[in-house]
Amino acid sequence: MNKGATSPSDSFQTHFVDIHEVLPEDEEEEERVVKMEDKVPKQGLHKPVKLRELKRPQRSFSRQVSLETGFSVLGRESKAKDERKVLQRNGRSFGGFDSVNRVGTGEAKKGDFDIFRTKSTLSKQNSLLPTRKEREMETQRPEGGAALDESVKTSVPAGRYFAALRGPELDQVKDYEDILLPKDELWPFLLRFPIGCFGICLGLSSQAVLWRALSTSPATKFLHISPLINLFLWLLALAVLVSVSVTYLLKCIYYFEAVKREYFHPVRVNFFFAPWVVCMFLAIGSPPMLSPQKLHPAIWCAFMGPYFLLELKIYGQWLSGGKRRLCKVVNPSTHLSVVGNFVGAILAAKVGWIEAARFLWSVGFAHYLVVFVTLYQRLPTSEALPKELHPVYSMFIAAPSAASIAWGSIYGGFDGCSRTCFFIALFLYISLVVRINFFTGFRFSVAWWSYTFPMTTASVATIKYAEHVPSVISKGLALSLSFMSSTMVSVLLVSTFLHAFFWQTLFPNDLAIAITKKRLVHKEKRPFKKAYDLKRWTKQALTKNNSVDKEYNGENEVALLDPACTQLAADNADNQRIHG
């Protein structure tokens, strides 16, 4: 071949084309790719040039660039035709292809946090509509990617939370589950701020009620407790409530999709009652120097109204027997949706609305009995719960303690019904204290605040009991429970301050809100067979061949037993194959 002749390799030389702006770092990457391509042995140098090969211009542009993954496939007629070169990305990923693979590995980009952002305006939604190129690539998306997007748009059923999460707080993802956000990347603060932080407000506001009772009760008058302690705790609880409320309001504004997931969470939905219970605690425990002797009824309407509307929604789901019926979603935190009735009854009695107080007490006690029996039966789960979350079981003593105080406030005395509720709470309290091993060897968590307010409520009920049954035992019991409650709140307050500001470990990634609607199972897509007749013919052919093989194997076994039948068996098999 002459040197001046055109070489076939020149006609098949690969041209590299990119779709984004070329930066210096990309130029270096392209040079490395070209050098690697030059090292690939070229074929066809000594073969005659065929006209059919020259009429294939599409093979000269053989680089296929994916907009989403940044992979370029070099289609060469060599051993390296399936080799893939990774290009550096200058833009953001569209988040479509391979998104299902990034769910469990934590390789999601920061833009994926936008799936929980509030979608408020129509223009914002129109700006996110896919282009024609993206719609074409959408058809190539695996089934897992479509399921992933569907998991974000629709609500997660209650049973899915129990299947994907563990612990009584349902805040830990099981090992084999996938989530929508990366695990190894720190999420935005608002996404990590849970509704359970209102438990801190519950603990501090109930302490204000406790120290008001200690400073004004005749049973503890000999202690000469200053009312300034009640004032300090009331102001502290008010400041914490305002801070937590403003922070969570910002979360509702910017990440409303995450708030919706917390509302559908079978445990955290109960903490939506907490802000209104805290407000009623602050009204009941307000310092005498700041509040009048008798509160205005408008205060009770402002705080009890939202609670009652939410109560109608939740209790209706329990009663309807749907997917969120009580036996499927009940947990120790469910007492928060019941105890507010008794707190509202106390506040109603304080403003002078006795009939409203009796109504709330009746509703609360009826549902408390149902919740108490359902929790004793342990219907939702039967597995052993983690040790560090056992303290949440102190929620059992909150409702009977509050019921005891409410009955005394309504009827003006600590009579038989009030003492019955108090003794139930006292027994449950003792049953938890004797199991002290449940409360050792566990790490700090915001869930600890959930059992400070039940301890405080039991202490206030004991003080009321000591007023009507004055004795050394009743007064000693009241002081002991009050000391334990205040000590626990002090320790938790210091620990919360250290974890929040010094160690910065108070708010880890909230994995519970990022679970998928359905468990993603990665399966290879089977080829679709369009021709039914071909499928039927293949099935019949396989069945016929199997029957022939079975008969032939049986004849071979007979031949082994009788050598005289060997030739006859072979002839029969040949005849069957010919006719088949």
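The legends below describe close-up views of a predicted model.

**Figure 1. Overview of the chain in the predicted model.** The chain has 580 residues, of which 43% are buried, and its secondary structure comes to 23 helices and five strands. When contacts between residues at least 6 apart in sequence are considered, 78% of them join residues that are at least 24 apart. Seven salt bridges are counted in this model, and three of the views that follow are devoted to salt bridges.

**Figure 2. The salt bridge between glutamate 262 and lysine 251.** The side chains of these two residues meet with an N to O distance of 3.2 Å. Because glutamate 262 belongs to helix H12 (residues 256-264) while lysine 251 belongs to helix H11 (residues 228-254), the pair ties together parts of the chain that are 11 residues apart in sequence. Both partners, glutamate 262 and lysine 251, are buried.

**Figure 3. The salt bridge between lysine 260 and glutamate 257 within helix H12.** Here the side chains of lysine 260 and glutamate 257 meet at 3.8 Å, N to O. The two residues are three residues apart in helix H12, so about one helical turn separates them. Their surroundings can be compared through relative accessibility: lysine 260 has a value of 30% and therefore counts as partly exposed, whereas glutamate 257 has a value of 15% and therefore counts as buried.

**Figure 4. The salt bridge between aspartate 510 and arginine 268.** The side chains of aspartate 510 and arginine 268 meet at an N to O distance of 2.5 Å. This pair links distant parts of the chain, 242 residues apart, with aspartate 510 in the loop between helix H21 (472-502) and helix H22 (532-561), and arginine 268 in the loop between H12 and helix H13 (274-284). Both aspartate 510 and arginine 268 are buried. Through salt bridges that share partners, Lys251, Glu262, Arg268 and Asp510 are joined into one network, in which the pair of glutamate 262 and lysine 251 from the earlier view also takes part.

**Figure 5. The packing of helix H10 against helix H11.** The axes of H10 (residues 198-216) and H11 come within 8 Å of each other and cross at roughly 160 degrees. Since an angle over 145 degrees counts as roughly antiparallel, H10 is roughly antiparallel to H11, and the crossing of the two helices is left-handed. On the H10 side the residues in contact include Phe198, Leu204, Ala208 and Trp211, and on the H11 side they include Leu233, Trp234, Val240 and Tyr248. By class, the residues of this contact divide into 15 nonpolar, four polar and one charged.

**Figure 6. The packing of helix H17 against helix H18.** The axes of helix H17 (residues 354-377) and helix H18 (residues 398-411) come within 10 Å and cross at roughly 155 degrees, so that H17 is roughly antiparallel to H18. H17 passes H18 in a left-handed crossing. The contact is made by Ile354, Ala357, Arg358, Trp361 and Tyr368 from H17, together with Ala399, Pro400, Ala403, Ala406, Trp407, Ile410 and Tyr411 from H18. Sorted by class, the residues of the contact of H17 with H18 are 11 nonpolar, no polar and one charged, the charged one being Arg358 of H17.

How values were computed
Residues are numbered from 1 along each chain as its sequence is written. This is a predicted model: local features need pLDDT of at least 70, side-chain atom pairs count only at pLDDT 80 or more; totals for chains, interfaces and linings use all residues. Side-chain values use heavy atoms; hydrogens and water are left out. A salt bridge is a side-chain nitrogen of Lys or Arg within 4 Å of a carboxyl oxygen of Asp or Glu. Helices (H or I, at least four residues) and strands (E, at least two) are DSSP runs, numbered from the N terminus. Buried means under 20% relative accessible area, exposed over 50%, partly exposed in between (1.4 Å probe, protein chains only). Axes are lines fitted to C-alpha atoms, for helices over the stretch in contact, and angles run from 0 to 180 degrees between N-to-C directions. Angles under 35 degrees count as roughly parallel, over 145 as roughly antiparallel, 65 to 115 as roughly perpendicular and the rest as oblique. A crossing is left-handed if the near helix is turned anticlockwise from the far one by less than a right angle, and right-handed if clockwise. Contact means heavy atoms within 4.5 Å.
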